[in-house]
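Here are a few notes to help you find your way around this one. Have the viewer open as you read, and jump to each residue as it comes up.

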Amino acid sequence: MEQKWPQQLWLVRHGQSAGNVAREAAEAASQFLIDIAHRDVDVPLSELGERQARALAAWFGALPAAQQPDVVLHSPYVRAAGTAAAVIEQLGRERLTVIADERLREKEFGILDRLTPLGIADKFPELAEQRKHVGKFYFRPPGGESWCDVILRLRSVLDTITREYRGDRVLIVGHQVIVNCFRYLLERMDESEILAVDREADVPNCGVTSYVFDPAAGKRGKLVLQGANFVAPLEQTGTPVTAKPDMPAAPKS
């Protein structure tokens, strides 16, 4: 029976961004608004984020050629594209299929964009209460997305992957919610299971979650989790590991 899935799939969150740094500063100062002028799509990597991306790229470059990615799919957001670019440069663009896919973009925050949790509670107390009641999996802020909305667009990404990249080694570079929502789909989780994963820890910047195809798993073979939030590519080079939420994620629940 023909293999449906890629041979290997890596999910990577972008390196630390200027937004991560600005959010941390705003929360430390009990501010309501995250002080960053860029629209979310244009938020770049921080200096540390660039170092993290280079460390990640070196790790992929050190793999045997037969174990390196063939395909790189990345969010078009600047911080994710910059992280992917470091890997692409390391491996050589001429041997890769590279696609910026808008379906891999960050979860859209709508009217809550750039607000800290304190800012959300101050400016939109009704929404803060609604989110607390509904839960982050289903809550959709006006003009924004819920986790379910993100999962819906990622289902079509999986359709593309199983149609076009069977047997390939695929690297996806995206955002924290993208990594978690892919895990929800690939590991066939439910709401409580993925929220438990989310509560346990934030996805590290340039952390690697990997899957390998197991022909003996399931009825026709499937991707099986090999490791989650692997940060050795950073640790091996002495690059600091960071795991701050993307802005403006509300408190975990």
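**Notes on side-chain contacts**

1. Start with Phe137 and Tyr184, which are both buried. Bear in mind that you are looking at a predicted model. The rings of Phe137 and Tyr184 form a tilted aromatic pair, with centres 5.5 Å apart and 50 degrees between the planes. Phe137 sits in the loop between helix H5 (125-134) and helix H6 (147-164), while Tyr184 belongs to helix H7 (residues 176-186), so this pair ties together parts that are 47 residues apart in sequence.

2. That pair has company: the structure holds 5 aromatic pairs. Another one to look up is Trp10 with Phe60, an edge-to-face pair at 5.3 Å centre to centre and 90 degrees between the planes. Here, too, distant parts of the chain are linked: Trp10 is in strand S1 (residues 8-13) and Phe60 is in helix H2 (residues 47-62), 50 residues apart.

3. Are Trp10 and Phe60 buried or exposed? Trp10 has 3% relative accessibility, so it counts as buried. Phe60 comes in at 0%, so it is buried as well. If you widen the view, you'll find that Trp10 and Phe60 belong to one aromatic cluster with Trp59 and Phe230.

4. Now for the charged side chains. How many salt bridges does a search of the whole structure find? The count is 13. A good one to visit is Asp70 with Arg169, whose side chains meet at 2.9 Å, N to O. Asp70 lies in the loop between H2 and strand S2 (71-74), and Arg169 lies in strand S4 (residues 169-174), so the salt bridge ties together parts that are 99 residues apart in sequence.

5. Check how covered those two partners are. Asp70 counts as buried because its relative accessibility is 19%, and the cut-off for buried is under 20%. Arg169 is buried too, because its value is 17%.

6. Next, go to Arg105 and Glu145, whose side chains form a salt bridge at 3.6 Å, N to O. This is another link between distant parts of the chain: Arg105 is in the loop between strand S3 (97-100) and helix H4 (117-123), Glu145 is in the loop between H5 and H6, and they are 40 residues apart. Arg105 has 19% relative accessibility, so it counts as buried. Glu145 has 8%, so it is buried as well.

7. Don't stop at that pair, though. Which residues are joined with Arg105 and Glu145 into one network by salt bridges that share partners? They are Glu108 and Arg153.

8. One more salt bridge to look at is the one between Arg140 and Asp149, where the closest N and O atoms are 2.7 Å apart. Asp149 counts as buried because its relative accessibility is 19%.

9. Finally, take a look at the surface. Phe32, Leu33 and Leu118 make a nonpolar surface patch of about 270 Å². You'll find Phe32 in the loop between helix H1 (18-28) and H2. With 40% relative accessibility, Phe32 counts as partly exposed, because that class runs between the 20% limit for buried and the 50% limit for exposed.

Conventions: Residues are numbered from 1 along each chain as its sequence is written. This is a predicted model: local features need pLDDT of at least 70, side-chain atom pairs count only at pLDDT 80 or more; totals for chains, interfaces and linings use all residues. Side-chain values use heavy atoms; hydrogens and water are left out. Rings of Phe, Tyr and Trp (its six-membered ring) pair if their centres lie within 6.5 Å; planes under 30 degrees apart count as stacked, over 60 as edge-to-face and the rest as tilted. Helices (H or I, at least four residues) and strands (E, at least two) are DSSP runs, numbered from the N terminus. Buried means under 20% relative accessible area, exposed over 50%, partly exposed in between (1.4 Å probe, protein chains only). A salt bridge is a side-chain nitrogen of Lys or Arg within 4 Å of a carboxyl oxygen of Asp or Glu. Patches are made of residues with over 30% relative accessible area and no salt bridge: like charges are joined within 9 Å, nonpolar side chains (Val, Leu, Ile, Met, Phe, Trp, Tyr) within 5 Å. Accessible areas come from the Shrake-Rupley method with a 1.4 Å probe; for residues, only the protein chains shown count as cover.
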